[in-house]
Amino acid sequence: MTAIVGAAYFNEERGGQVFPIVIVGSGLAGYTLAKELRKLDRESPLHIITRDDGDFYSKPMLSNALAKGKTAQALATANAEQMAKQLHATIWSRTEVTDIDVPGHAVIARGETVQYDKLVLAVGARPIRLALEGDAADAVLSVNNLADYAVFRERMERARRIVIIGSGLIGCEFANDLAVAGIDVTVIGLAAEPLDRLLPPQAGRLLREALAAIGVTWRLGASVKSVDHGEDAYTLRLADGSTITADVVFSAVGLQPELDLARRAGVAARRGICVDRYLESSAPDVFALGDCAEVEGVVLPFVMPIMQAARALAKTLSGTRTAVSYPAMPVVVKTPAHAVVVSPPPPESGGDWEVTVTDQGARALWRDARGRTVGFALTGAAVAEKQALTKELPPWLA
């Protein structure tokens, strides 16, 4: 029999007080870790503390939910109470962890001290906010969670025109979805072609043309200076002096890992919370995974790395110390107008793209300094080669 005693548990069979594993964050990383842990260990006390409402949903679905008519409520497949029962866990929803007491093995939440045996930071990343001028700069929307999507969807119910700032992965996915939904979409981006961080220019051009064919207007090589209220719409002024009007302005310029909590506690962080191959930080018994983590110098804000990390860390937390390994992990971009699959080359691999373009798509292989294929970008019909090419790639982390 296990009963809650403050923030700890008393387990007669184990002979005394047992402090819980505490996971901070209920996004894909936090909940996936909890699920993997429960496959291995059903009994150890588990607390999940989240600033959100604790609903479980698939974050990747946020960028293509509008055209499908999905509400925020429909995207959530389980609420916090259901997740607590499923995971045999205590879930603290709408609760901010304000501090970590590393020597005391405790976190501060709701003004209470919650002691932990192991602490996992799965706090994710937040949208980058542009330094825009204008009296409507604070009206620019972004979507990073279910609550953001609810606000976005409500605003889009009255909108016919949207400007998306950012031509990367999220910007392109939302552009495709909104254009299919019948919205007048304009995308503004700094680069000459969309998805410039993942695709060579030739492949980016094909994606741009395909999205233009379904109604997306592009303003590339451009940046927004200000956003102001107009009579019945927003007015965006670009750096070149031109203006665009829109009913909704949406920012998709990227995410930055949430590092404040870790840094306040003295936990080492650079681009993300620095962790080793066992996902342990510079603080003893403090781990991190997901969008907030920098694993051996690498930040990979995608689904497959989260799954790999969660499986490894669950084994470590349940008593079998296990290093994470990253195989080649292609990223599928949700742009049905022109299919895109990318397996980015490892950083500092050297080399360049070797590109073949046809009327049906682009096949780009990244050859490193020794001529080996270490990454690829496939679009259109070429995505059929995804499985075969993935088998040829070296792992990110062996």
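In this predicted model, helix 6 (residues 201–213) lies across strand 24 (340–343), strand 25, strand 26 and strand 27 (373–379), and runs at about 40° to strand 25. The strands beneath this description belong to an open sheet of five, ordered 23-24-27-26-25, with antiparallel pairing. Strand 23 (331–333) and strand 25 (352–358) are the edge strands; each has a single partner strand, so one side of each is left without a neighbour in the sheet. On average, neighbouring strands of the sheet are turned by 15° against each other, direction ignored.

One pairing at the edge can be followed in more detail. Strand 25 is joined to strand 26 (residues 361–367) in the antiparallel sense over seven bridges. Within this pairing, V357 finds its bridge partner in A362 of strand 26.

Helix 1 (residues 28–40) offers a second place to look. For its 13 residues, a rise of 1.5 Å a residue predicts a span of 18 Å, and the end C-alpha atoms are 19 Å apart, which agrees. Buried positions in helix 1 are A29, G30, Y31, T32, L33, A34, E36, L37 and R38. The partners of these buried residues come from several parts of the chain: they pack against strand 4 (21–24), strand 5 (46–49), helix 3 (80–87), strand 6 (90–92), strand 10 (118–121) and helix 8 (303–317).

Turning to the cysteines, the structure holds zero disulfides. For C274, the closest cysteine sulfur is that of C292, and at 11 Å it is too far for a bond. C292 is likewise in no disulfide, the sulfur of C274 being its nearest, 11 Å away. Both side chains are nevertheless enclosed by the burial criterion of under 20% relative accessible area: C274 counts as buried because its relative accessibility is 13%, and C292 counts as buried at 0%.

It is helpful, finally, to step back to the whole chain. Its secondary structure comes to nine helices and 27 strands. The C-alpha atoms fill a box of roughly 70 × 60 × 35 Å along the principal axes. A compact globule of 398 residues would have a radius of gyration near 21 Å, and the chain has 23 Å, which agrees. Of the 398 residues, 52% are buried. Among contacts between residues at least 6 apart in sequence, 59% join residues at least 24 apart.

Methods
Residues numbered from 1 in each chain as written. Predicted model: local features only at pLDDT ≥ 70, side-chain atom pairs only at ≥ 80, totals over all residues. Heavy atoms only, no water. Pairing = 2+ DSSP bridges. Helix = DSSP H or I, 4+ residues; strand = E, 2+ residues; numbered from the N terminus. Axes fitted to C-alpha atoms, helices over the stretch in contact; angles between N-to-C directions. Contact = heavy atoms within 4.5 Å. Disulfide = S-S within 2.5 Å. Buried < 20%, exposed > 50% of the residue type's maximum accessible area, 1.4 Å probe, protein only. Expected span 1.5 Å × (residues − 1). Rg over C-alpha atoms; globule rule 2.2 N^0.38 Å.
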